[in-house]
Amino acid sequence: MKKFLAIMLIVIFSIFAMAATKISVLVSPDNADALQWLAQEFMKKNPDIKVEIVPLSWEVLYPKLLQDLRSKAGTFEAFTYDVMTTGAVSFGLVDLGEFMKEHPELLPEGYDLNDFIPAVLEEAGKWGGKLIGLPFYNNTMLFYYRKDLFEDPKIKKAFKEKYGKELTLPTTWEEVVDIAEFFTKKYNPKSPTEYGIALMFPRTHTLFYMYLLFFGEYRNAPLGILRHGKADLEYGEYFTEDHKPAFNSEEGLKALEMMKKLMAYSPDPLGSDYGETIEYFNQGLVAMVPQWTGPYLMFKTTLGADKVGIIPMPGRSVSGQWALGINKFIPEEKKIAAFKFITFATTKWADKNKFLKFAVAPARMSTLKDPEVRAADPRVPALEVTYVTQTHRPRIPEEPKLEDITVEYFSKILSGELPLSINTLNELANKWKEILGK
């Protein structure tokens with residue numbers, strides 16, 4: 001009898017498992033741990049839906065998304081997409097605004113679109129006036145520094161003796177230069193760190209967004225606005241207000257000159273990327289590092305919270321939001337299952353807990369205002385400032401081609417293979433115009 005019951009349970013479980021709707025969600029590794037946890041929590045409440053989280057590196061994820069969407073194969077149901085790829089993937093995403101009108105009963109109780117940080121919802125979630133994604137990871141770059149070193153009385157005294165001014169937290173890149181030099185042993189044998197700052201200027205998409213940390217300060221200064229006008233979210237700060245290249249200018253030159261100047265105080269800036277600069281700071285090799293929001297937990301664990309300081313980026317930061325969207329080319333029942341999951345993963349509850357547990361930056365205003373969050377995470381004050389001042393990369397469909405040619409030019413300029421001149425930048429701008437058909 002027991003054997004018979006066991007067999008029956010296996011059969012019933014197998015039938016149930018076969019009946020469950022399965023969805024695959026392709027995600028960036030930065031989002032993966034949080035989404036794995038959220039998927040488990042979701043499946044507890046929705047046992048009829050099986051969610052598979054598939055982490056893929058950015059270099060693999062983006063081409064895979066484009067290939068599948070263009071072929072209309074529908075091999076996955078949902079995915080995270082980087083804000084700069086919004087225009088390129090928009091054609092293959094479900095119009096969530098219309099979907100919500102058709103299925104209002106599927107929205108979680110208390111789900112509030114107006115609670116999303118307005119600029120984040122606009123930049124990460126919308127294209128062509130349509131809601132195509134739900135903001136999940138409101139990533140931005142912050143400036144991390146060794147708090148214990150900046151507050152050390154002996155170090156502060158030595159800095160003032162050398163430069164005739166106080167060692168203060170930098171608000172511009174010009175201020176960073178002296179601090180970076182001071183914390184570099186080559187220029188100050190008594191420095192407690194080998195280098196002043198960790199920079200990542202490799203010949204990858206990283207260089208494309210790192211440039212905006214410097215260009216953004218000059219592009220958005222009063223004179224920069226006078227020359228180029230205000231940037232819009234689709235084209236970003238790389239462009240003028242009337243959608244022409246803005247970097248072939250005095251502001252563009254100043255940005256590259258500052259990057260080149262700071263390279264002397266960084267370990268292998270042209271050969272270092274995301275992972276390397278995290279390790280440089282973790283190992284105590286550098287005193288400062290511009291980095292994304294995610295590494296904070298690692299810094300806190302390795303160095304101790306008392307040694308890790310966080311401030312807004314000197315000048316301007318750069319946005320790096322990720323949103324969750326649904327593949328347009330899948331059956332209706334799969335769309336419903338995917339919709340249930342992505343709305344669950346972007347509720348107020350999820351937004352708060354993924355930030356507290358996994359350091360995945362919040363996309364909702366309620367999370368930033370939450371007393372528990374504010375008490376638990378020192379990034380919040382810096383995030384509040386950064387979210388309203390950050391620069392933006394292009395979101396237009398041509399972005400990948402623009403990025404490829406730009407990092408080639410910038411890399412050669414920084415390495416000395418091409419002259420750092422307005423002529424070089426004009427040459428690059430002309431290539432942009434060819435790609436854009438202008």
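This briefing covers two sheets, the aromatic contacts and two buried residues of one structure. The model is predicted. One open sheet has five strands in the order β2-β1-β3-β11-β6, and another open sheet has four strands in the order β8-β9-β7-β10. A search of the whole structure finds 31 aromatic pairs.

**Five-stranded sheet**

- Pairing in the sheet β2-β1-β3-β11-β6 is mixed, and its edge strands, each paired on one side only, are β2 (49-55) and β6 (134-137).
- Neighbouring strands of this sheet are turned against each other by 30° on average, with direction ignored.
- Strands β1 and β2 are parallel and share seven bridges; within this pair, Val-25 stands opposite Ile-53 of β2.
- At the other edge, β6 runs antiparallel to β11 (residues 322-326), and three bridges join the two strands.
- Pro-135 stands opposite Ala-323 in β11.
- Helix α15 (residues 332-344) lies across β1 (21-27), β2, β3 (78-82), β6 and β11.
- The helix runs at about 55° to β1.
- Five of the seven residues of β1 are buried, which leaves this strand mostly covered.

**Four-stranded sheet**

- The sheet β8-β9-β7-β10 also has mixed pairing, and its edges are β8 (195-197) and β10 (308-311), each of which pairs on one side only.
- The twist from one strand to the next averages 30°.
- Strands β7 (residues 141-146) and β9 (residues 286-292) run antiparallel and are joined by five bridges.
- Leu-142 has Gln-291 of β9 as its bridge partner.

**Aromatic rings and charges**

- Ring pairs link a cluster made up of Phe-208, Tyr-211, Phe-215, Tyr-235, Tyr-238, Phe-239, Phe-247, Phe-410 and Trp-432.
- Two charged side chains sit over rings elsewhere: Lys-354 lies over the face of Phe-136, 5.0 Å from the ring centre, and the charged end of Arg-364 sits over the ring of Phe-116, 4.0 Å from its centre.
- Phe-136 falls within the residue range of edge strand β6 (134-137).

**Thr-406**

- Thr-406 lies in helix α20 (residues 399-415).
- Thr-406 counts as buried because its relative accessibility is 0%, against a cut-off of under 20%.
- Beyond its neighbours within four places in sequence, Thr-406 is in contact with Phe-208, Tyr-238, Leu-428 and Trp-432; Phe-208, Tyr-238 and Trp-432 are also members of the aromatic cluster.
- The side chain of Thr-406 reaches the backbone oxygen of Leu-402 at 2.5 Å.
- Thr-204 is 202 residues away from Thr-406 in sequence, and the C-alpha atoms of the two are 9.7 Å apart.

**Ser-266**

- Ser-266 is placed in the loop between α12 (250-262) and α13 (274-282).
- With a relative accessibility of 5%, Ser-266 therefore counts as buried.
- Setting aside neighbours within four places in sequence, the contacts of Ser-266 are Tyr-195, Ile-197, Ala-198 and Leu-199; Tyr-195 and Ile-197 belong to the edge strand β8 (195-197) of the four-stranded sheet.
- Ile-197 and Ser-266 are 69 residues apart in sequence, with 5.2 Å between their C-alpha atoms.
- The side chain of Ser-266 also reaches the backbone oxygen of Ile-197, at 3.2 Å.

Notes. Residues numbered from 1 in each chain as written. Predicted model: local features only at pLDDT ≥ 70, side-chain atom pairs only at ≥ 80, totals over all residues. Heavy atoms only, no water. Pairing = 2+ DSSP bridges. Axes fitted to C-alpha atoms, helices over the stretch in contact; angles between N-to-C directions. Phe/Tyr/Trp six-rings, centres within 6.5 Å; stacked < 30°, edge-to-face > 60°. Lys NZ or Arg CZ within 6 Å of the ring centre and 35° of its normal. Buried < 20%, exposed > 50% of the residue type's maximum accessible area, 1.4 Å probe, protein only. Contact = heavy atoms within 4.5 Å. Polar contact = N/O pair within 3.5 Å; in protein donor to acceptor, adjacent residues only side chain to side chain.
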